[in-house]
Amino acid sequence: YINWKVSNYMSTLSVDTIQGQTTAGNVKLPAGCVLQTVAVTNTNTASYSNALSGGGAWQDLMSLSITPKYNTSKVLLTASITCGTNEWGVLFRVLQGGAVEAGNIGLDDGAGRSVHTFSTVPYAANDDETATASYTGLFSPASSSAVEYKIQGAARTTTTWSFNRSEDSPSSNGSRSKGVSSLVLMEIAQ
């Protein structure tokens with residue numbers, strides 16, 4: 001039993017662990033609290049020729065799963081993707097559970113434009129550098145089972161592009177850059 005004393009003074013409650021009363025063991029925290037965080041980084045390099053304008057398909061780059069504690073939780077996704085290209089930039093999209101979620105992708109206006117979530121700025125002819133495309137979005141998985149989030153990439157036009165390195169050289173040339181990409185998922189209480 002806990003004895004409480006009501007007074008005008010601040011008190012401090014110190015505990016080593018907080019445990020739920022039920023067998024589920026989950027303690028319900030206020031809306032906006034981060035319940036859990038999972039993250040992955042990737043330093044692998046690759047080169048692709050999957051331009052959407054030429055009928056190319058999206059390329060899987062990174063994925064990460066989270067199992068929400070509550071089906072009412074939101075998932076805050078933060079992605080940072082390093083790439084290289086020498087022409088029209090690279091497009092990226094986020095899949096939730098294997099599908100594009102409408103609230104986190106551009107709308108198809110019927111004009112034949114590539115529908116994507118985020119992208120890099122195109123280069124004129126500077127294929128020895130890398131760019132980093134970043135995205136933060138809030139998702140509603142409506143599940144307490146594992147949900148996979150996947151980042152896919154594609155070139156906008158008929159060109160090659162590279163993942164985690166400059167576009168023109170997979171070699172050890174000292175003037176060419178390499179990078180790292182990351183994906184972070186945070187479950188947010190509602």
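How many salt bridges does the structure hold? The structure holds 1 salt bridge, and we will come back to its two partners below. Welcome to this protein, which you are looking at as a predicted model.

## The overall build

Strands are the theme here: the protein has 11 strands and 0 helices. Read from the N terminus on, the elements run β-β-β-β-β-β-β-β-β-β-β. The protein has 190 residues, and buried residues make up 35% of them.

## The nonpolar core

A good place to begin your tour is the inside. The largest nonpolar core has 26 residues, and the members that touch the most other members are Leu-77, Phe-92, Phe-118, Tyr-149 and Trp-161. Several strands feed this core with at least two residues each: E3 (59-66), E4 (74-85), E5 (90-96), E8 (131-139), E9 (147-155), E10 (161-163) and E11 (181-188). Which strand gives the most to this core? That is E4, with 5 residues. As general background, nonpolar side chains tend to be buried together in soluble globular proteins.

Leu-77, one of those well-connected core members, also offers a handy way to see how the chain folds back on itself. Thr-37 and Leu-77 are 40 residues apart in sequence, while their C-alpha atoms are 10.0 Å apart in space. Thr-37 lies in strand E1, and with 46% relative accessibility it counts as partly exposed.

## Aromatic company

Now look at the rings. The structure holds 5 aromatic pairs. In one of them, the rings of Phe-118 and Tyr-135 have centres 5.4 Å apart and planes at 15°, so this pair is stacked. The two partners come from distant parts of the chain, with Phe-118 in strand E7 (residues 118-119) and Tyr-135 in strand E8, 17 residues apart. Are Phe-118 and Tyr-135 buried or exposed? Both are buried.

These two rings also belong to a wider group: Tyr-48, Phe-92, Phe-118, Tyr-135 and Trp-161 form one aromatic cluster. Three names in that cluster may ring a bell, since Phe-92, Phe-118 and Trp-161 also appear among the core members that touch the most other members.

## Charged and polar partners

Back to the salt bridge from the opening. The side chains of Lys-150 and Asp-60 meet there, with 3.4 Å from N to O. This pair links distant parts of the chain, as Lys-150 sits in strand E9 and Asp-60 in strand E3, 90 residues apart. Asp-60 has a relative accessible area of 38%, so this residue is partly exposed.

Two polar contacts are worth finding as well. In the first to visit, the side chain of Thr-82 reaches the backbone oxygen of Val-180 at 2.8 Å. Thr-82 is placed in strand E4 and is buried, with a relative accessible area of 5%. In the other, a polar contact of 2.6 Å joins the side chains of Ser-73 and Glu-187. Ser-73 lies in the loop between E3 and E4, and at 2% relative accessibility Ser-73 counts as buried.

## Two residues with positive phi

Most residues other than glycine have a negative phi. The table shows two residues that have a positive value.

| Residue | Phi | Place | Relative accessibility |
|---|---|---|---|
| Ala-142 | near 50° | loop between E8 and E9 | 59%, exposed |
| Asn-164 | near 65° | loop between E10 and E11 | 0%, buried |

Both entries sit in loops, but their surroundings contrast: Ala-142 counts as exposed, whereas Asn-164 is buried.

## A nonpolar patch outside

Not every nonpolar side chain is tucked away. Which residues form a nonpolar patch on the surface? They are Leu-13, Val-15, Ile-18, Val-27 and Leu-29, and together they have about 480 Å² of accessible area. Leu-29 is placed in the segment before strand E1 (34-42). With 37% relative accessibility, Leu-29 counts as partly exposed.

## Putting it together

For a last look, start from the 11 strands, follow E4 into the core to which it gives the most residues, and then find the stacked rings of Phe-118 and Tyr-135. From there, move to Lys-150 and Asp-60 in their salt bridge, and finish at the surface patch that includes Leu-29.

Methods: Residues are numbered from 1 along each chain as its sequence is written. This is a predicted model: local features need pLDDT of at least 70, side-chain atom pairs count only at pLDDT 80 or more; totals for chains, interfaces and linings use all residues. Side-chain values use heavy atoms; hydrogens and water are left out. A nonpolar core is a set of buried Ala, Val, Leu, Ile, Met, Phe, Trp, Tyr and Cys residues joined through side-chain atoms within 4.5 Å. Buried means under 20% relative accessible area, exposed over 50%, partly exposed in between (1.4 Å probe, protein chains only). Helices (H or I, at least four residues) and strands (E, at least two) are DSSP runs, numbered from the N terminus. Patches are made of residues with over 30% relative accessible area and no salt bridge: like charges are joined within 9 Å, nonpolar side chains (Val, Leu, Ile, Met, Phe, Trp, Tyr) within 5 Å. Accessible areas come from the Shrake-Rupley method with a 1.4 Å probe; for residues, only the protein chains shown count as cover. A salt bridge is a side-chain nitrogen of Lys or Arg within 4 Å of a carboxyl oxygen of Asp or Glu. Rings of Phe, Tyr and Trp (its six-membered ring) pair if their centres lie within 6.5 Å; planes under 30 degrees apart count as stacked, over 60 as edge-to-face and the rest as tilted. A polar contact is a pair of N or O atoms within 3.5 Å; within protein, one must be able to donate a hydrogen and the other to accept it, and residues adjacent in sequence count only if both atoms are side-chain atoms.
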